[in-house]
Amino acid sequence: MKAGTHAVFGVAALAGAALVAGFDPPLYVYPAAVVAAWLPDLDNPRSTLGNGLSRRKSPLLDALTRPVSWVLRLVSFVLVHTVGHRTLTHSLFGLAVFGVVVSYFFGGHPELAAALVAGYASHVFADALNTRGVPLLWPLGRPFRLLPGGIRSGGLAEAVVAFAVALLAALGLWLLYAPGLPL
């Protein structure tokens with residue numbers, strides 16, 4: 001799936017989790033869900049985060065993001081050369097490790113922790129719709145797909161799925177933040 005699709009899935013996952021769990025996350029945690037939805041692809045140097053944040057058109061923005069970009073590229077390089085793409089970071093084990101790390105660092109901020117875990121989990125779910133699937137039980141087993149054959153990344157089917165999930169995300173946000181309004 002493409003970065004935009006993962007972003008939509010991250011927002012939808014956080015809104016859905018908030019509705020199910022009965023909490024109202026502040027709006028400022030939704031960007032965290034989007035970034036977390038991109039994190040599993042850090043094992044791909046060509047991904048949104050794996051490529052780093054530098055090389056922006058603004059020299060000032062480029063200078064400000066350069067240190068973070070170097071770290072992102074280094075982590076991406078290490079991941080792709082040690083475990084490869086779509087292995088650890090796309091598995092239940094990787095999600096559990098991410099959840100433990102998030103709990104340790106952000107346990108005092110439950111809304112932020114929920115946003116990060118929901119965003120990360122949404123990525124694994126979205127890629128399970130893909131033709132390649134995800135190795136849920138990595139390092140054991142074969143790739144897992146939610147749909148027979150899967151959806152080709154970047155194709156029309158992905159755009160349709162992204163649009164449908166965007167509608168669900170909008171509905172979830174509306175239910176969370178406009179509860180007094182009639183349907």
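**Charges.** I began with the charged side chains of this predicted model. The chain carries 12 positive and 7 negative charges, and I found their mean positions to be 13 Å apart.

**Fold.** I then listed the secondary structure and noted six helices and zero strands in the chain. The order along the sequence reads α-α-α-α-α-α. The radius of gyration is 17 Å, close to the 16 Å that the globule rule gives for 183 residues, so I recorded the chain as being as compact as a globular protein of that length. I noted a span of about 50 × 45 × 35 Å for the C-alpha trace along its principal axes.

**Packing and surface.** I looked up burial and found that 39% of the 183 residues are buried. Of the contacts with a separation of 6 or more, 60% join residues 24 or more positions apart. The exposed area is about 10200 Å², with 72% of it supplied by carbon and sulfur atoms.

**Aromatic pairs.** I counted four aromatic pairs in the structure and examined two, starting with phenylalanine 9 and phenylalanine 125. Their ring centres lie 6.3 Å apart with the planes at 45°, so I entered this pair as tilted. Phenylalanine 9 belongs to helix H1 (residues 3–21) and phenylalanine 125 to helix H5 (residues 110–128), so the pair ties together parts 116 residues apart in sequence. Phenylalanine 9 is buried at 7% relative accessibility, whereas phenylalanine 125 is partly exposed at 46%.

I next examined tyrosine 30 and tyrosine 177, an edge-to-face pair with 6.3 Å between centres and 75° between planes. This pair links helix H2 (residues 30–38) with helix H6 (residues 156–177), the two tyrosines being 147 residues apart. Tyrosine 30 is buried at 7% relative accessible area, while tyrosine 177 is partly exposed at 32%.

How values were computed:
Residues numbered from 1 in each chain as written. Predicted model: local features only at pLDDT ≥ 70, side-chain atom pairs only at ≥ 80, totals over all residues. Heavy atoms only, no water. Helix = DSSP H or I, 4+ residues; strand = E, 2+ residues; numbered from the N terminus. Rg over C-alpha atoms; globule rule 2.2 N^0.38 Å. Buried < 20%, exposed > 50% of the residue type's maximum accessible area, 1.4 Å probe, protein only. Contact = heavy atoms within 4.5 Å. Areas by Shrake-Rupley, 256 points an atom, 1.4 Å probe, with all protein chains shown as cover. Lys, Arg positive; Asp, Glu negative; His and termini not counted. Charge placed at Lys NZ, Arg CZ, Asp CG, Glu CD. Phe/Tyr/Trp six-rings, centres within 6.5 Å; stacked < 30°, edge-to-face > 60°.
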